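Dear colleague,

Please find below the structure that I am handing over to you, with its sequence. My notes on what was found in it follow directly after.

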Amino acid sequence: MKLHNTVKFVYKDGNRIQSMPQHNNNFKNYLGLGHNDLSQIIGLETFKKSLEKDFFSEVTVRNCSSDNTHINLAVEVDCNFKFQEAISVLSNEKTIELQQNPNGDIKKSSITNAFLGLIGCNELQIDFEEFAIFLNDVTIVIHKIYDRSIPDQLELILRHLVAEHAQYTNRLSDIPCEIYVPVYEEGPLDNDLTMVNITSGKSTQKDYFGFWGLYFDSKEDATIYDLKTKSIITGDLFLLNH
């Protein structure tokens with residue numbers, strides 16, 4: 001599949017389009033937006049401990065809000081193991097598996113319940129701007145694309161990361177050092193509905209499962225993983241700031 005000109009990676013910061021930095025090994029500094037006043041958030045420690053248990057990790061939460069009317073959080077999950085071990089852990093854990101009750105209802109995972117619990121015990125409007133997983137060899141960054149899209153879709157994104165890892169790592173022979181979820185196929189610049197939806201927050205669930213951006217140590221430029229065809233395709237990756 002041929003991409004139109006470029007694929008743009010969404011990152012909310014300012015109002016400019018710039019080239020995506022290659023192999024951003026200092027991504028933690030790049031991620032750290034806003035301030036860290038979290039004192040007004042009820043249940044934050046419970047939320048962090050729940051994620052730390054599920055991911056065998058240390059969790060940091062940053063406040064990215066620009067005002068006091070609502071709270072936007074960036075979550076950093078720091079895991080002291082490599083990608084292959086992470087896939088093994090998630091494959092064997094029930095934290096991202098659909099679980100069915102005897103009455104036929106789908107039971108939410110502990111990860112989803114952690115997000116919903118934090119949102120539910122606060123009167124302030126809480127959302128999540130970014131969710132980043134730092135492994136010893138891979139950084140995975142998931143971005144908000146609509147209101148509460150991360151609590152809504154994180155569990156399914158993780159299942160796709162596990163289920164399709166053989167396709168985007170060439171059966172673990174070439175593991176990306178950075179994975180960005182999602183990126184978008186750019187249409188004609190004069191009439192690009194996709195870009196309009198991105199900047200206005202009107203993306204939908206399916207946009208998480210179209211294209212992901214990948215950086216490999218073995219390649220100079222970024223590549224794109226097409227989830228529909230389960231294949232690696234070529235295209236220029238840019239950063240859209242707004």
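Strands β3 and β4 form a hairpin, with six residues between them. In this predicted model, the two strands pair in the antiparallel sense over seven bridges, and valine 61 stands opposite valine 75 of β4. β4 also pairs with strand β7 (residues 125-134), here in the parallel sense and over nine bridges. Within that pairing, aspartate 78 has phenylalanine 134 of β7 as its bridge partner. Eight of the 10 residues of β4 are buried, so this strand is largely enclosed by the rest of the structure.

The hairpin strands are also joined through their side chains. Glutamate 76 and arginine 62 form a salt bridge, with the closest N and O atoms 2.5 Å apart. Because glutamate 76 lies in β4 (residues 70-79) and arginine 62 in β3 (residues 57-63), the pair ties together parts that are 14 residues apart in sequence. Glutamate 76 counts as buried at 5% relative accessibility, whereas arginine 62, at 21%, counts as partly exposed; the cut-off for burial is under 20%.

The count of salt bridges comes to eight. Two further pairs may be of interest to you.

- Lysine 48 and glutamate 45 meet in a salt bridge of 3.7 Å, N to O. These two residues are three apart in helix α2 (residues 44-55), and therefore about one helical turn separates them. In general, an α-helix has 3.6 residues a turn, so residues three or four places apart point the same way. Lysine 48 is buried, with a relative accessible area of 18%, while glutamate 45 is partly exposed at 46%.
- Lysine 230 forms a salt bridge with glutamate 164, the closest N and O atoms being 3.2 Å apart. Lysine 230 belongs to the loop between β11 (223-226) and β12 (231-233), and glutamate 164 to the loop between α5 (149-163) and α6 (165-168), so this pair ties together parts that are 66 residues apart in sequence. Glutamate 164 is buried, with a relative accessible area of 4%, and lysine 230 is partly exposed at 41%.

Salt bridges also link Asp127, Lys144 and Asp147 in a network. Aspartate 127 is placed in strand β7 and is buried, with a relative accessible area of 4%. Its side chain makes a polar contact of 3.1 Å with the side chain of lysine 144. A polar atom of the same aspartate 127 side chain lies 2.8 Å from the backbone nitrogen of arginine 148. Leaving aside neighbours within four places in sequence, the contacts of aspartate 127 include Ile71, Asn72, Leu73, Tyr146 and Pro151. Between aspartate 127 and isoleucine 150, the C-alpha to C-alpha distance is 8.3 Å, although 23 residues separate them in sequence.

Turning to the nonpolar interior, the largest core has 50 residues, and those with the most contacts inside it are Phe47, Leu51, Phe128 and Phe131. Helix α5 supplies the largest share of this core, namely six residues. Apart from it lies another core, of seven residues, among them Val141, Cys177, Tyr215 and Ala222. Phenylalanine 131, with neighbours within four places in sequence again left aside, is in contact with residues including Leu51, Phe55, Val75, Val77, Phe115, Ile150 and Leu154.

Helix α5 also holds a buried acidic residue. Glutamate 155 has its place in this helix and counts as buried at 10% relative accessibility. A polar contact of 2.6 Å joins its side chain to that of threonine 112.

Finally, which residues of helix α3 (residues 83-92) are buried? They are Phe83, Ala86, Ile87 and Leu90. Seen down the axis of α3, these buried residues fall within an arc of 100°, so they line one face of the helix. They pack against α5 and α6.

In reviewing the model, you may wish to begin with β4, which pairs with β3 and with β7, and then to follow β7 to aspartate 127 and the salt-bridge network with Lys144 and Asp147.

With kind regards

Conventions:
Residues numbered from 1 in each chain as written. Predicted model: local features only at pLDDT ≥ 70, side-chain atom pairs only at ≥ 80, totals over all residues. Heavy atoms only, no water. Salt bridge = Lys/Arg side-chain N within 4 Å of Asp/Glu carboxyl O. Helix = DSSP H or I, 4+ residues; strand = E, 2+ residues; numbered from the N terminus. Buried < 20%, exposed > 50% of the residue type's maximum accessible area, 1.4 Å probe, protein only. Arc of directions from axis to C-beta. Contact = heavy atoms within 4.5 Å. Polar contact = N/O pair within 3.5 Å; in protein donor to acceptor, adjacent residues only side chain to side chain. Pairing = 2+ DSSP bridges. Core = buried A, V, L, I, M, F, W, Y, C linked by side-chain atoms within 4.5 Å.
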